[in-house]
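Welcome, and please open the structure in your viewer. We will walk through it stop by stop, selecting a few residues each time and looking at what is there.

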Amino acid sequence: MGGPEERLLYQDEQLTITVRATSEAPAVTLIGEIDATNSHALAGALASCRQGTYIVVDTGLLTFIDVSGLRVLVMPTLPPSQRWIRLHNVTPYQRRLLRMMGWYYEHRPHHLPI
């Protein structure tokens, strides 16, 4: 049997979102740029692949993200126990933005349960 198959969730001129099943949780990869023009689509795509208590979102291939995109990924209005996105491969630039917003919490070595 081959590796997990990656499925396209969303694509526009700036952003590509893919998902693959893993034994832990759905693994979403974000490639490109997230801003106010596509953050709503990002929210819908992430919600569509939620199956369990959380999903893992790899942000390492993002070249840009604004506050609207960060809000989708961080869910700052929800109590931490209700946040279902775990960030993976967060870049130093993204960490800096999250810290500036007061939304960065180190929890596990591989995933940030923001």
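## Stop 1: the cavity

The structure, which is a predicted model, holds 1 cavity of 30 Å³ or more. Its volume is about 40 Å³. To find the place, select Thr59, Ile65, Leu70, Leu73, Leu87, Val90, Gln94 and Leu98, which line the largest cavity. Now colour strand E4, helix H2 and helix H3: each of them supplies at least two residues of this lining. We will visit these elements in turn, starting with the sheet.

## Stop 2: the sheet

Show the strands as a cartoon. In what order do the strands of the open sheet lie? The order is E1-E2-E3-E4-E5, and the pairing of these 5 strands is mixed. E1 and E5 are at the edges with a single partner strand each, so one side of each has no neighbour in the sheet. From one strand to the next, the twist averages 25 degrees.

Begin at one edge by selecting residues 6-11, strand E1, which pairs with E2 in the antiparallel sense over 5 bridges. Between E1 and E2 you can trace a hairpin of 3 residues. For a landmark, pick Leu8, which stands opposite Thr18 in E2.

Next, select residues 15-20, strand E2. Is E2 largely enclosed or largely open? Of its 6 residues, 5 are buried, so the rest of the structure largely encloses this strand.

Move on to residues 27-34, strand E3, where the pairing with E2 is antiparallel and runs over 6 bridges. This time the hairpin that joins E2 to E3 has 6 residues. Thr16 is a good place to zoom in, since you will see Ile31 of E3 standing opposite.

At the other end of the sheet, select E4 (55-65) and E5 (85-88). These two strands pair in the parallel sense, over 4 bridges. Asp58 and His88 make a handy pair to display: Asp58 stands opposite His88 in E5.

## Stop 3: helix H2

Now select residues 67-74, helix H2. This helix lies across E3, E4 and E5, and runs at about 170 degrees to E4. Which residues of H2 are buried? They are Ser68, Gly69, Leu70, Val72, Leu73 and Val74. That makes 6 of the 8 residues of H2, so the helix is largely enclosed by the rest of the structure. Show the surroundings and you will find that the buried residues of H2 pack against E3, helix H1 (39-48), E4, E5 and H3.

Step just past the end of the helix to Met75, which follows H2. Most residues other than glycine have a negative phi. Met75 is not a glycine, yet its phi is positive, about 55 degrees. Met75 sits in the loop between H2 and E5, and with a relative accessible area of 10% it is buried.

## Stop 4: the loop from E5 to H3

Select Asn89, in the loop between E5 and H3. Here again is a residue that is not a glycine but has a positive phi, about 60 degrees. Asn89 is partly exposed, at a relative accessible area of 41%.

Thr91 belongs to the loop between E5 and H3 too. Is Thr91 buried or exposed? Its relative accessibility is 19%, so it counts as buried, the cut-off being under 20%. Which residues does Thr91 contact, leaving aside neighbours within four places in sequence? They are Thr59 and Gly60.

## Stop 5: helix H3

Finally, select residues 92-101, helix H3, and highlight its buried residues, Gln94, Leu97 and Leu98. Look down the axis of H3: these buried residues fall within an arc of 95 degrees, so they line one face of the helix. An α-helix has 3.6 residues a turn, so residues three or four places apart point the same way.

What covers the buried residues of H3? The cover includes E4, H2 and E5. Turn the view around to the face away from the buried side, where the exposed residues Pro92, Arg96, Arg99 and Met100 are carried. Our last pick is Gly102, which follows H3 and has a positive phi near 80 degrees.

How values were computed
Residues numbered from 1 in each chain as written. Predicted model: local features only at pLDDT ≥ 70, side-chain atom pairs only at ≥ 80, totals over all residues. Heavy atoms only, no water. Buried < 20%, exposed > 50% of the residue type's maximum accessible area, 1.4 Å probe, protein only. Arc of directions from axis to C-beta. Contact = heavy atoms within 4.5 Å. Pairing = 2+ DSSP bridges. Axes fitted to C-alpha atoms, helices over the stretch in contact; angles between N-to-C directions. 1 Å grid on protein atoms, 1.4 Å probe; cavity = no way out; pocket = protein on both sides within 12 Å on 5 of 7 lines; lining within 4 Å. Points joined across faces, edges and corners; volume = space filled by probe spheres on them.
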